Amino acid sequence: MRIESVNDFFKNMMGRAERTIVHMDLDSFFVSVERLQNSKLNGKPVIIGGSSGRGVVSSCSYEARKFGVRAAMPVRRALLLCSEAVVIRGDMEMYTKYSHMVSDIIAEQSPVYEKASIDECYIDITGMDRFFGSWQWSKELRRKIILETGLPISFGLSVNKTVAKIATGEAKPDGELQIPYRDVQSFLNPLSIRKIPMIGSKTYDDLRSMGVSTIEKLSQIPLKVMRQVMGNRGDIIWEKAHGIDTTPVVQYSERKSISHEITFEKDSVDIAGMNCVLIKMMEKIGYQLRNKQKLCSVITIKIRYSNYDTYTLQKKIPYTDFDHELITIAKELFVRIYKHRMSIRLIGLRVSGLINGVQQLNLFEDTLQMTNLYKAMDDIRNRYGASSVKRAVGL
């Protein structure tokens with residue numbers, strides 16, 4: 001749909017059903033999960049991130065944000081801003097578990113929902129008694145999530161994904177906000193342009209250089225000028241500034257790949273050490289595949305040298321979820337890709353081409369004992385944690 005003005009948009013939308021979209025976002029999700037495990041963290045500034053000199057902030061509490069701490073900031077700098085902060089390395093396995101708990105509740109209650117990230121989702125509840133009924137439904141879903149998981153969560157309710165997401169941001173922490181159609185523009189106008197999804201640092205700086213700081217000021221720029229200044233993105237930014245977003249809520253489906261990567265504290269040329277890292281990562285991936293009853297058919301390896309040159313190599317393989325098969329291919333790919341004999345900064349593995357299924361025995365190599373061995377190891381991991389059983393060679 002080609003839009004040349006706000007009037008064009010609303011003429012095109014006449015006769016179409018007005019949408020009702022909920023955006024739900026868990027508040028400081030990683031921190032909130034850690035506080036469920038350790039109540040002593042309540043009220044304290046908390047930073048989730050790497051503890052080495054190269055570590056960055058993955059998430060932080062609102063208490064830490066008051067000192068200027070932000071995600072993606074080096075932990076070292078964050079501690080200069082907030083020296084009393086508690087730094088926790090984090091546990092992605094535990095965060096994923098809680099994310100799934102929340103997703104399961106939403107999936108059970110919602111007609112259509114889209115999982116946008118580990119801690120946020122969109123729900124299309126168009127047709128639910130207009131705003132009052134939708135508002136009550138959203139409040140009850142939020143209460144159910146808080147009651148059953150113990151996690152704080154906020155939501156915004158409005159006519160599309162953009163306005164709903166911005167509303168959630170204004171409702172945080174631990175709040176609810178409804179923006180009906182008639183109030184969309186008056187709600188957006190006084191807000192900073194930073195509040196618009198997709199406006200990053202560079203776009204923000206470009207707009208500020210034009211004297212634009214609020215959404216109201218941005219909405220006053222003619223569409224033609226936005227196209228000239230921002231190119232193809234100009235249309236989208238202009239639409240969002242007017243509260244326009246026709247993007248549908250896409251029903252959630254599982255990801256198509258599983259990956260792990262490690263950035264070393266010091267750049268390394270230790271090949272034996274690299275092989276140990278590959279084994280540990282692939283053991284983790286194999287366990288995840290079997291837990292999800294998935295088989296993979298593609299393995300990809302990535303390495304980043306000390307000069308930041310990055311290379312990837314992939315190979316198609318018969319469907320499998322067995323560690324020993326995956327490890328063999330990963331080590332083979334590493335030998336093929338490591339050509340420059342330079343220090344390595346980062347190494348990563350990804351399996352893709354996933355299908356639902358369980359391992360079929362390879363009649364030439366595998367035995368029933370091998371299958372039973374994997375089942376026994378996974379049973380131990382399910383009971384005592386993913387790291388409770390490891391290959392000695394990977395230690």
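## Packing and charge contacts in a predicted model

With a relative accessibility of 15%, E120 counts as buried. The model discussed here is predicted, and E120 recurs in two of the topics below, a salt bridge and the lining of a cavity.

**Salt bridges.** The structure holds 17 salt bridges. In one of them E120 is paired with K165, and the closest N and O atoms are 2.9 Å apart. K165 belongs to helix α7 (residues 161–171) and E120 to strand β6 (residues 120–124), so this pair ties together parts that lie 45 residues apart in sequence. The partners differ in burial class: the cut-off for buried is under 20% relative accessible area, so E120 at 15% counts as buried, whereas K165 at 26% counts as partly exposed.

A second salt bridge joins the side chains of R142 and E176, at 2.8 Å from N to O. This pair also links distant parts of the chain, since R142 lies in helix α6 (residues 130–149) and E176 in strand β8 (residues 176–178), 34 residues apart. Here the arginine is the buried partner, with a relative accessible area of 9%, while the glutamate is partly exposed, at 24%. R142 and E176 further belong to one network with K139 and D174, joined by salt bridges that share partners.

A third salt bridge is formed by the side chains of D235 and R227, with an N to O distance of 2.9 Å. D235 counts as buried, at 16% relative accessibility. The three pairs are listed below.

| Salt bridge | N to O distance |
|---|---|
| K165 and E120 | 2.9 Å |
| R142 and E176 | 2.8 Å |
| D235 and R227 | 2.9 Å |

**Aromatic contacts.** A search of the whole structure finds seven aromatic pairs. One of them is formed by Y305 and Y311, whose ring centres are 5.7 Å apart and whose planes meet at 70°, an edge-to-face arrangement. The threshold for that class is an angle over 60 degrees, and the 70° of this pair therefore places it there. Y305 is buried, with a relative accessible area of 1%, whereas Y311 is partly exposed, at 33%. Both tyrosines take part in a cluster in which ring pairs also link F334 and Y338.

Two arginines are placed over tyrosine faces. R65 lies over the face of Y62, at 4.3 Å from the ring centre. R194 is found over the face of Y204, and its distance from the ring centre is 3.7 Å.

**Cysteines.** The search for disulfides across the whole structure finds zero. For C60, the nearest cysteine sulfur is that of C82, at 9.2 Å; a disulfide needs sulfur atoms within 2.5 Å, so C60 is in no disulfide. C60 is buried, with a relative accessible area of 3%.

**Cavity.** One cavity of 30 Å³ or more is found in the whole structure. About 90 Å³ of space lies in the largest cavity, which is lined by 14 residues; those closest to its centre are V102, I106, D119, E120 and C121. The elements that contribute two or more residues to this lining are β1 (21–26), α5 (92–109), β5 (112–117) and β6. The largest share, four residues, comes from α5. Through E120, this lining includes a residue that is also the partner of K165 in a salt bridge.

How values were computed
Residues numbered from 1 in each chain as written. Predicted model: local features only at pLDDT ≥ 70, side-chain atom pairs only at ≥ 80, totals over all residues. Heavy atoms only, no water. Phe/Tyr/Trp six-rings, centres within 6.5 Å; stacked < 30°, edge-to-face > 60°. Buried < 20%, exposed > 50% of the residue type's maximum accessible area, 1.4 Å probe, protein only. Lys NZ or Arg CZ within 6 Å of the ring centre and 35° of its normal. Salt bridge = Lys/Arg side-chain N within 4 Å of Asp/Glu carboxyl O. 1 Å grid on protein atoms, 1.4 Å probe; cavity = no way out; pocket = protein on both sides within 12 Å on 5 of 7 lines; lining within 4 Å. Points joined across faces, edges and corners; volume = space filled by probe spheres on them.
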